[in-house]
Amino acid sequence: RSIVPGAKYALAFIPTDEERVYGEYTVNDVIIKPVILETPQKTSTELVTVREGESTTTSASAYFDITSTVSKFYYVLVKKSEFDAAKMSEYDYALRYGIVWDRAVLKASGAIKNIDTRCTGLKPGEECIAIGVAFTSGGAYNDIKLSTAASQVLPSEGTVTIKGHSVETMSQYSTKVTFEIECSEEISSVRYMNLSADNLAYDYNGNEDKVYETLTAGSRWEYGEANPGESVELYIYPEEVDYTFFAVGVDKDGKFTTLAKHIYQPVE
């Protein structure tokens, strides 16, 4: 990692001797010297600014601008819950976990704008903290923070209804289950999940609110997606076990409907 101003380090080295070859050196030849870097002084001069970026129901972002006098910049956007759990100052957290922007390494000049950072995997409305710490080549620093959050899920006026299902035996190991979904005209897409009773109990503690959270704020691989008017076909092992097919609609404004569900068994 990049060197952290104000931190304590140990410098380890081995003095070389032209009459000795590499394999002749041992641990007894290592010399260790403590090094304490000069503690930077906070300045009232504005070195960095921050503003909110775009947000979705699962992510938030922020943009930093730094002045031409900044030589090194640490920045991070973190969930507030994770930051609080770390029990660290904003300064220490950014220096330990932040991304390092180094003018010398990047060979940049002048003021730099729109350094962006994003926090993903959020729940709707979940709060994040953007932290930036900027240093000058003379060791002065200035820090800044901003609270931001993922977008709230607003209810859609549209509706999604699961009209029923049909089962077709494909083999002794597979059945095709087809679901008919009816949508109002506001809906632009449908997200769905198909869970066995065990999956619902163990993965979601039987809590349908958590299923809804996954459908509205989960990763794309956690749910399926269909267009309005399309049937959904799934291939399932035939057994007399309860399954629940869940669906929510997404309207043209990105709002979600209430949760629709249909309980069935994948046998004819």
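The following legends describe three close-up views of a predicted model.

**View 1. Helix H2 and the elements that surround its buried residues.**
Helix H2 spans residues 90-97. Four of its residues, Tyr 91, Tyr 93, Ala 94 and Leu 95, are buried. The buried residues of H2 pack against one other helix, H1 (80-86). They also pack against three strands, namely S6 (70-79), S9 (127-136) and S10 (140-149).

**View 2. A nonpolar patch on the surface.**
Ile 14, Val 27, Val 30 and Ile 32 together make this patch, which covers about 360 Å². Where does Ile 14 lie? Ile 14 is found in the loop between strand S1 (8-13) and strand S2 (31-36). Its relative accessible area is 37%, and Ile 14 is therefore classed as partly exposed, since this class lies between the limits of 20% for buried and 50% for exposed residues.

**View 3. An open sheet of three strands.**
The strands follow the order S4-S5-S8, and their pairing is antiparallel. Strand S4 (48-52) and strand S8 (112-119) form the edges, as each of them pairs on one side only. On average, neighbouring strands of this sheet are turned by 25° against each other, direction ignored. Strand S4 is joined to strand S5 (residues 60-66) by five bridges, and these two strands run antiparallel. Within S5, Ala 62 is the bridge partner of Glu 52.

Conventions. Residues are numbered from 1 along each chain as its sequence is written. This is a predicted model: local features need pLDDT of at least 70, side-chain atom pairs count only at pLDDT 80 or more; totals for chains, interfaces and linings use all residues. Side-chain values use heavy atoms; hydrogens and water are left out. Buried means under 20% relative accessible area, exposed over 50%, partly exposed in between (1.4 Å probe, protein chains only). Contact means heavy atoms within 4.5 Å. Patches are made of residues with over 30% relative accessible area and no salt bridge: like charges are joined within 9 Å, nonpolar side chains (Val, Leu, Ile, Met, Phe, Trp, Tyr) within 5 Å. Accessible areas come from the Shrake-Rupley method with a 1.4 Å probe; for residues, only the protein chains shown count as cover. A salt bridge is a side-chain nitrogen of Lys or Arg within 4 Å of a carboxyl oxygen of Asp or Glu. Two strands pair if DSSP finds at least two bridges between them. Axes are lines fitted to C-alpha atoms, for helices over the stretch in contact, and angles run from 0 to 180 degrees between N-to-C directions.
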